[in-house]
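The following exercises concern a single protein chain. Each task is followed by a solution that proceeds step by step.

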Amino acid sequence: IDGYDEDQEIEELIAGVRPIASPPLPGTANLQPGEPLAEEATTTFVAPVTGSASNPDARTMAKYKAKQVVWNQNALLLTNHPDVLPAGLLRRTLAVLVSELHAAEDEDLREGLVGLLLQAVTGRTTKSLLAMNVVDRFDCAQVSPFELSLAEAAIRIRVFFARNSDLPNGYFNPTKEQAPYLEAVDDSFLLPLPSVVVNALRQNGALNLLPNKGEKKSEKKLDAAIRNAARHVSSLLETSITMGQVRRSFPAHLFELCRDTALTQLICADTLGQSDAPAHYFAPRAEQVADTYRTLLNILFGDEASCGAAVPDTRVGARLLVRPEAAREMTASIGAILHAGVERLISTGQICAVHHAMTSQPGCMFMAACTHRPTNALFDLLIIDFYLVRGAALFRDKIHDPAHDPRLVALPSCVIRQIHAYLAHLRGLAAVLPNLSALVDKILAGKAPLLFGLDSDGN
């Protein structure tokens, strides 16, 4: 059909359907103090009802459009998805984009080529590109969440959940008392650009062709220019590519490279329609973020990316990562009483204290090293929930959907050794306190909870 643009229609459908994180129903949440709602939130898609809300046809159409988008979106960030360009075709596309930016004389075409190239290396929408702040060099204080410096050959991105005020936003913010125990993190990070991209963007002031954010109809103007550039590139490639495919190829290939959802979300500054729960606990080093991005662009462009600005040796992201020194101090305190010698403690009648230390050790390790949440489910664990030979366990600590009832977790070797030590302790305990023999037999048979306490009388 003359004037019909399938890619534009798909983009408009996607823009009309929003993935939102739905919190659990009132009274049904099983959250612990300080835990974000994202722990038990589920992704829901909402679509506007066009026409009269009371018209059943309008509601049916809205549901149809929502299903169409959900079915066609790449929620798993697969690289073999129809909406993602294969690596070989993406590399050819980028080569043509760079070549055309050097050769094209038509300003409208060059404007679209600039926008399409920036989308290819950032995954940003047209609206987000307009919010980009082009600077000579990065200042200490970041003005915009998305900055580009050709002189420093880098992009600076503000963490997408960074606070703009003291108001809570669902992410943990430590108090003055908590801060010394946690890793210091930055709110922004640098992504190095390869010289081939920097040179292309420098060509004849290419970045100056982008419309100003405040300019009337600037988003529609840039959007149309990028679509036209995609059609131009398609003609040179002799195969069809769309603006949406180029943009959505970035997160898919990034995830394929790093296999890390939280890191992909951080670099793309977008939850990508997935749960942001991992982001609440994720604080990688800035060098790791830059290296991951650099590696992807090196693969796509075949050119080494070297950032002109120094990438600081700091962490970025969530403010919830305990410092190793603090973690070691806390873990050492759990079984500190055992340093006096188990036999000596038992001889002085402190068998309950020995048992509490032996119980606390695996209990804390289940939470600190195996991701078990601090819930009562910890004291419902049975020995048959653990597969010690293969280093795996089944936890039922966060049942909010069928996938978590139960959930499979990996057991570090240190935890496996501690469980064996705990089981040996139980056998010794039964020999010292015969009244516990029946309970220990049940525990070892998987018919009673693994962890239990003792009162002062040994019951």
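**Exercise 1.** Which residue in β11 stands opposite leucine 394?

*Solution.* The model is a predicted one. Start with the pairing: β10 and β11 run antiparallel and are joined by four bridges. Within this pairing, the residue of β11 that stands opposite leucine 394 is leucine 408. Next, consider the side chains along β11, which alternate between two faces. Leu408 and Ala410 point to one face and are not buried, whereas Arg407 and Val409 point to the other face and are buried.

**Exercise 2.** Identify the salt-bridge partner of arginine 407 and classify both residues by accessibility.

*Solution.* Arginine 407 forms a salt bridge with aspartate 397, and the closest N and O atoms are 2.8 Å apart. The two residues lie 10 residues apart, arginine 407 in strand β11 and aspartate 397 in the loop between β10 and β11. For the classification, buried means under 20% relative accessible area. Arginine 407 has a relative accessible area of 13% and is therefore buried. Aspartate 397, with a relative accessible area of 1%, is therefore buried.

**Exercise 3.** Describe the surroundings of arginine 396 and state which residues share a salt-bridge network with it.

*Solution.* Arginine 396 is located in the loop between β10 (392–395) and β11 (407–410). Its relative accessible area is 39%, so arginine 396 is partly exposed. When residues up to four places away in sequence are not counted, arginine 396 touches Ala377, Asp385, Asp405 and Pro406. Two of these, Asp385 and Asp405, are linked with Arg396 in a network of salt bridges. As to backbone distance, aspartate 385 is 11 residues from arginine 396 along the chain, and their C-alpha atoms are separated by 9.7 Å.

**Exercise 4.** How many salt bridges are there, and what is the accessibility of the residues in the pairs of arginine 248 and arginine 259?

*Solution.* Side chains of opposite charge can pair when their charged atoms come close. With a cut-off of 4 Å between a side-chain nitrogen of Lys or Arg and a carboxyl oxygen of Asp or Glu, the count comes to 13 salt bridges. One of them joins arginine 248 to aspartate 83, with the closest N and O atoms 2.2 Å apart. This pair links distant parts of the chain, 165 residues apart: arginine 248 belongs to helix α8 (residues 243–258), and aspartate 83 to the loop between α2 (56–72) and α3 (87–103). Both arginine 248 and aspartate 83 are buried.

Another salt bridge is that of arginine 259 with glutamate 256, at 3.1 Å from N to O. Here arginine 259 has 53% relative accessibility and so counts as exposed. Glutamate 256 has 41% relative accessibility and so counts as partly exposed.

**Exercise 5.** Give the strand order of the sheet that contains β4, and explain why β3 and β7 stand at its edges.

*Solution.* The sheet is open and consists of four strands in the order β3-β4-β5-β7, with mixed pairing. Because β3 (133–134) and β7 (188–192) each have a single partner strand, one side of each is left without a neighbour in the sheet. Helix α10 (residues 286–301) packs on the sheet and touches β5 and β7, its direction making about 25° with that of β7. Strands β4 (residues 146–149) and β5 (residues 154–158) run antiparallel and are joined by four bridges. Phenylalanine 146 stands opposite isoleucine 157 in β5. The ring of phenylalanine 146 also has the charged end of arginine 124 over it, 4.1 Å from the ring centre.

**Exercise 6.** Which residues do ring pairs link into a cluster with Phe161, and is the pair of phenylalanine 161 and tyrosine 171 stacked or edge-to-face?

*Solution.* The count comes to five aromatic pairs. The ring centres of phenylalanine 160 and phenylalanine 161 are 5.1 Å apart and the planes stand at 85°, so this pair is edge-to-face. Phenylalanine 161 and tyrosine 171 form a stacked pair, at 4.2 Å centre to centre with 5° between the planes. Ring pairs thus join Phe160, Phe161 and Tyr171 into a cluster. As to accessibility, phenylalanine 160 is partly exposed at 27%, while phenylalanine 161 and tyrosine 171 are both buried.

How values were computed:
Residues are numbered from 1 along each chain as its sequence is written. This is a predicted model: local features need pLDDT of at least 70, side-chain atom pairs count only at pLDDT 80 or more; totals for chains, interfaces and linings use all residues. Side-chain values use heavy atoms; hydrogens and water are left out. Two strands pair if DSSP finds at least two bridges between them. Contact means heavy atoms within 4.5 Å. Axes are lines fitted to C-alpha atoms, for helices over the stretch in contact, and angles run from 0 to 180 degrees between N-to-C directions. Rings of Phe, Tyr and Trp (its six-membered ring) pair if their centres lie within 6.5 Å; planes under 30 degrees apart count as stacked, over 60 as edge-to-face and the rest as tilted. Buried means under 20% relative accessible area, exposed over 50%, partly exposed in between (1.4 Å probe, protein chains only). A charge sits over a ring if NZ of Lys or CZ of Arg is within 6 Å of the ring centre and within 35 degrees of the ring normal.
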